[in-house]
Amino acid sequence: MDATAIVLAAGEGTRMKSKHAKLSHAILGKPMINWVVDAAIEAACERIVVVVGCHADEVRALLADAYADSPIPVETVEQAEQLGTGHAVRIALEATGINKGPVVVLNGDLPLIQPETIRRFASSIAEGDVAGSVLTMTPPDPFGYGRIQLDAEGSIVRIIEQKDCTPEQAECLLECNAGCYAFDGALLAGHIGQIRSENAQSEYYLPDMVEILKAAGERVGIYHCDDYRDGLGVNTRAQLAELTAIARDRVNARLMAEGVTFIDPAQAWISPDAQIGRDTVVWPQTHLIGRAQVGEDCQLGPNARLTNVRAGNGCVIDETVAIDVALEDDVTCGPRAYLRPGTHMLTGSKAGTHVEIKKSTIGEGSKVPHLSYIGDTTMGAGVNVGAGSITCNYDGARKHATVIGDGAFIGSDTMMVAPVRIGAGALVGASSCITKDVPDGALALERSEQRIIEGYADAKRAKE
Ligand code: UD1
Ligand code: CA
């Protein structure tokens, strides 16, 4: 679609009372700015320009992180002084030279906007029906939004900001500006210079384009959201929480429609970008953050925080924290496992209770069931690691690797001081401190011999 999206992300977000950019605050683990840019990408906009200003570096970094490989380039333009939404759009047009085609303007704090709405907006301009269009909604609480004033025929006359409303207008005009607009690029560029700042906030208001285009004899339309929630903005922390709950319910409803069971959908926070297969059960207090991909017939949670996790079919992930981890089919984790970046668990393997694994491959069917730390390790298939065993991978300066061959049996409370290699089929006696390589099929034992002093305990007790 030959449309440009301009996303406004330069404002200070004062009402959030935050040290960070307002649009860096996340909904379901995804920064608000990414929700809006993703919607523009999904709507097939050809060019995306984000206006940055306050906390510009923070916003730029979020964009660079998310869209480095995006097929549609996401550009930024700097608005050094935040003189209002109209000013922000003027800066974007001047910096990019955009002066034709449909231009969709999106407030950056409009995370629940639907791609379909953006697409419909852009095509209404492309088809020449109107010179401009405004997305409107009628929320239960209109406070803070610009209000739509209509004429007797129901056409939009202008938008009056809350702070510029008379008490009567604030009470009676209940239809609100959602902060999503479409314009004919040539008319927008031709008239944007006419916006003035004589208003309650001494700002250049983009909504004033409605009156300006109408005065120039152009047609401006409104499009009312059937679902007002699509048009809600985030100015405060309370609104951030409110929109998080809405987003959560929407994501979970979609997944349930696709065949996922939720024990309590109000208690699961699933990224909008997550994929979950059929017949997987999501237990309460499950958080799926980032690029999550979970197969069929899995059990997630209760109490799981999984960031950028890929899991195959039939996995059981009980009370687990996992970050940047890949699990093949039928893997069992937890309760209380901590899987750190670079962990790859092959089919049928297990990370049990109070087990931490970092940057390691756990081979097919291998088990680390209790109280262990495995780091920088390549473990073969069918290995059993006894309770309380640890790879000592760090010498205070550098990390070293441990290799454990297929079918090895590591007795409980073994220290494997890396770099070290334990051969295939080897046995390591419980409580050994292994500092030298163990050949295939060998027994390694490192512990002092046990002494028995007959009757000692009884004699001591008798003396006391
Ligand atoms: C704006 C609209 C209001 C609408 C509401 C919808 C104006 C004047 N008012 O009000 O009619 O009902 O959104 O949520 O547009 N921004 C910049 N540069 C600036 C100022 C703002 O990039 O100089 C960005 C902000 O980062 C934000 C967006 O524009 O993402 C909207 O600004 P905000 O101050 O939140 O406007 P509202 O008061 O909510
Ligand atoms: Ca706002």
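Student: What makes G108 a polar contact of ligand 1?
Tutor: A backbone N or O atom of G108 is 3.3 Å from an oxygen atom of the ligand. A polar contact is a pair of N or O atoms within 3.5 Å, so this pair counts. One caution: this is a predicted model, where local features need pLDDT of at least 70, side-chain atom pairs count only at pLDDT 80 or more, and totals for chains, interfaces and linings use all residues. Residues are numbered from 1 along each chain as written, chains are lettered from A and ligands numbered from 1 in the order written, and side-chain values use heavy atoms, with hydrogens and water left out.

Student: Which distances do G84 and N177 have to an oxygen atom of ligand 1?
Tutor: For G84, a backbone N or O atom lies 2.8 Å from a ligand oxygen. For N177, a polar backbone atom is 2.6 Å from one. On top of that, the protein covers 91% of the 750 Å² of accessible area that ligand 1 has on its own (Shrake-Rupley method, 1.4 Å probe).

Student: How do you know which residues surround ligand 1?
Tutor: A residue is near if one of its heavy atoms lies within 4 Å. That gives 23 residues, and the closest are G11, Q79, T85, E161 and N177. By class, this shell has nine nonpolar, ten polar and four charged residues. Here Ala, Val, Leu, Ile, Met, Phe, Trp, Tyr, Cys and Pro count as nonpolar, Asp, Glu, Lys and Arg as charged, and the others, Gly among them, as polar.

Student: Which elements each supply at least two residues of that shell?
Tutor: β1 (4–9), α3 (85–96) and β10 (176–184) do. These are DSSP runs, with at least four residues for a helix (H or I) and at least two for a strand (E), numbered from the N terminus.

Student: Why is the space taken by ligand 1 called a pocket?
Tutor: A pocket is an open set of points on a 1 Å grid over the protein atoms alone, where a 1.4 Å probe fits, with protein on both sides within 12 Å along at least five of seven lines; lining residues have an atom within 4 Å of a point. A molecule sits in a pocket if more than half of its atoms lie within 2 Å of its grid points. The space that ligand 1 takes is the largest pocket.

Student: What is the volume of the largest pocket, and what lines it?
Tutor: About 1400 Å³, the space filled by probe spheres set on the grid points. It has 48 lining residues, and R15, K22, N107, D109 and N235 are the closest to its centre. β10 gives the most to the lining, four residues.

Student: What about the second largest pocket?
Tutor: Its volume is about 1000 Å³. Of its 33 lining residues, K30, N34, D38, P272 and D273 are the closest to the centre. α1 (32–42) gives the largest share of this lining, six residues.

Student: What kind of peptide bond joins G301 and P302?
Tutor: A cis one, with omega about 0 degrees; P302 is in the loop between β18 (299–300) and β19 (304–311). Another cis bond joins A418 and P419, with omega about 5 degrees.

Student: Why would you point out such bonds, or a positive phi?
Tutor: Because most peptide bonds are trans, and most residues other than glycine have a negative phi. Q285, not a glycine, has a positive phi near 60 degrees, and sits in the loop between β15 (281–282) and β16 (286–289).

Notes. A polar contact is a pair of N or O atoms within 3.5 Å; within protein, one must be able to donate a hydrogen and the other to accept it, and residues adjacent in sequence count only if both atoms are side-chain atoms.
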